[in-house]
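Good morning. I will walk through one protein model, starting in the middle of its sheet and working outwards. Please keep the structure in view while I talk.

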Amino acid sequence: EPPIDTTNDSPEFNGTGFRKSINVPESAPLIALVSRLAIDLKLDALVQAIDAMEILSLSHPVKLVIVGDGPARAALEARAERVNKSRRREVIRFAGAMLDPRPAYAAADIVVGMGSSAMRAMAMGKPVVVQGERGFCRTFSPDSTDYFLREGFYGIGDGASGARELAEQINSLIADAGERAALGQYGRETIAGKFSLSQAGDLHLDIYRQVLQERPRYPVTDAFRSAYL
């Protein structure tokens, strides 16, 4: 996975202004999703998130803010507008592309996403539900850490609709503020300990030191092959 700048992406970043700008009171759960609105690799997860909000909005004053742009935006906006009209309020908002999406991460109570987007949210101390293709979704927690460290912050489901499963995972986080805080802290510690820029720098320096300390040994056959070529 790419290294994360855990100095700039930190829990100290204030998202209050962004939250006010999209008219979400502190008492309402705000879910953030930062992604390219692409057809390949991303579309399944984006549709899944919109459909999950349709389910959750029956029992919570929840709002999903989608940050990003791309060729799938028009189709996704049409799907979201259907949800907004059915609930007679803005459940899903498209914020467009942001050069710096940290205000959205910081304002959110929960973040859904994949890859470096999920990792940046974790670095900022947010509980994260990691998405993937074909309905995959799983909350990052001590129980799922080994999976994500092995497979990356992504996954492929069984092809069944994951909207209900995503809604259930988000719902459990909405219901437990203590769990949200604990998972946010755990995610921050994981990223800072394993994926920070300083960790990546140390890893590279260790490789350079090893190469400098261990002279390579070339077999005689390599010399003959080089001479022949």
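**From the sheet to the pocket**

Strands S1 and S4 are paired in the parallel sense, over 2 bridges. Before going on, note that this is a predicted model. One pair to find in it is isoleucine 31 and isoleucine 110, where isoleucine 110, in S4, is the bridge partner. S4 also pairs with S5, again in the parallel sense, over 3 bridges. There, glycine 113 stands opposite valine 130 of S5.

Now look at the two sides of S4. In a regular strand, side chains alternate between the two faces of the sheet. Are the faces of S4 covered or open? Both are covered: Ile110 and Val112 lie on one side, Val111 and Gly113 on the other, and all of these are buried.

Let us place S1 and S4 in the whole sheet. It is an open sheet of 6 strands, in the order S3-S2-S1-S4-S5-S6, and the pairing is mixed. At the edges are S3, residues 92-96, and S6, residues 137-139, each of which pairs on one side only. On average, neighbouring strands in this sheet are turned by 20 degrees against each other, ignoring direction. On its way across the sheet, S1 also meets S2, residues 63-67, in a parallel pairing of 5 bridges. Valine 34 stands opposite valine 67 in S2.

For the overall picture, the protein has 10 helices and 6 strands. Its C-alpha trace spans about 80 × 35 × 35 Å along the principal axes. Out of 229 residues, 47% count as buried. If we take contacts between residues at least 6 apart in sequence, 70% of them join residues at least 24 apart.

Next, helix H5. Which strands does H5 lie across? They are S1, S4 and S5, and the helix runs at about 170 degrees to S5. H5 is mostly covered, with 7 of its 9 residues buried. The buried ones are Gly115, Ser117, Ala118, Met119, Ala121, Met122 and Ala123. Their cover includes the strands S1, S4 and S5, together with helix H4 (102-107) and helix H8 (177-194). Just after H5 comes glycine 125, with a positive phi of about 80 degrees.

H5 also leads us to the largest pocket. About 320 Å³ of space lies in this pocket. It is lined by 21 residues, and the closest to its centre are Val34, Ser35, Arg36, Lys42 and Ser117. Three elements give two or more residues to the lining: strand S1 (30-34), helix H2 (43-56) and helix H5 (115-123). Which of them provides the largest share? H5 does, with 4 residues. Sorted by class, the lining has 10 nonpolar, 7 polar and 4 charged residues.

Take one of those central residues, serine 35. Serine 35 sits in the loop between S1 and H2. Why does serine 35 count as buried? Its relative accessibility is 14%, and the cut-off for buried is under 20%. Beyond residues up to four places away in sequence, serine 35 touches Lys42, Leu46, Val67, Gly68 and Asp69. Val67 is the residue we met opposite valine 34.

A second serine, in another loop, is worth a look. Serine 141 lies between S6 and helix H6 (145-151). Serine 141 is buried too, because its relative accessible area is 15%. Setting aside neighbours within four places in sequence, serine 141 is in contact with Leu183 and Tyr186. Between the C-alpha atoms of serine 141 and tyrosine 154 there are 14 Å, and the two are 13 residues apart along the chain.

Last, two loop residues with their backbone angles. Most residues other than glycine have a negative phi. Asparagine 23 is not a glycine, yet its phi is positive, at about 60 degrees. Asparagine 23 is found in the loop between helix H1 (16-21) and S1. Arginine 88 also has a positive phi, near 60 degrees, and its place is the loop between helix H3 (73-87) and S3. Are these two buried or exposed? Asparagine 23 is exposed, since its relative accessible area is 60%. Arginine 88 counts as exposed because its relative accessibility is 80%.

That is where I stop. Thank you.

Conventions:
Residues numbered from 1 in each chain as written. Heavy atoms only, no water. 1 Å grid on protein atoms, 1.4 Å probe; cavity = no way out; pocket = protein on both sides within 12 Å on 5 of 7 lines; lining within 4 Å. Points joined across faces, edges and corners; volume = space filled by probe spheres on them. Nonpolar A, V, L, I, M, F, W, Y, C, P; charged D, E, K, R; others polar. Pairing = 2+ DSSP bridges. Axes fitted to C-alpha atoms, helices over the stretch in contact; angles between N-to-C directions. Contact = heavy atoms within 4.5 Å. Buried < 20%, exposed > 50% of the residue type's maximum accessible area, 1.4 Å probe, protein only.
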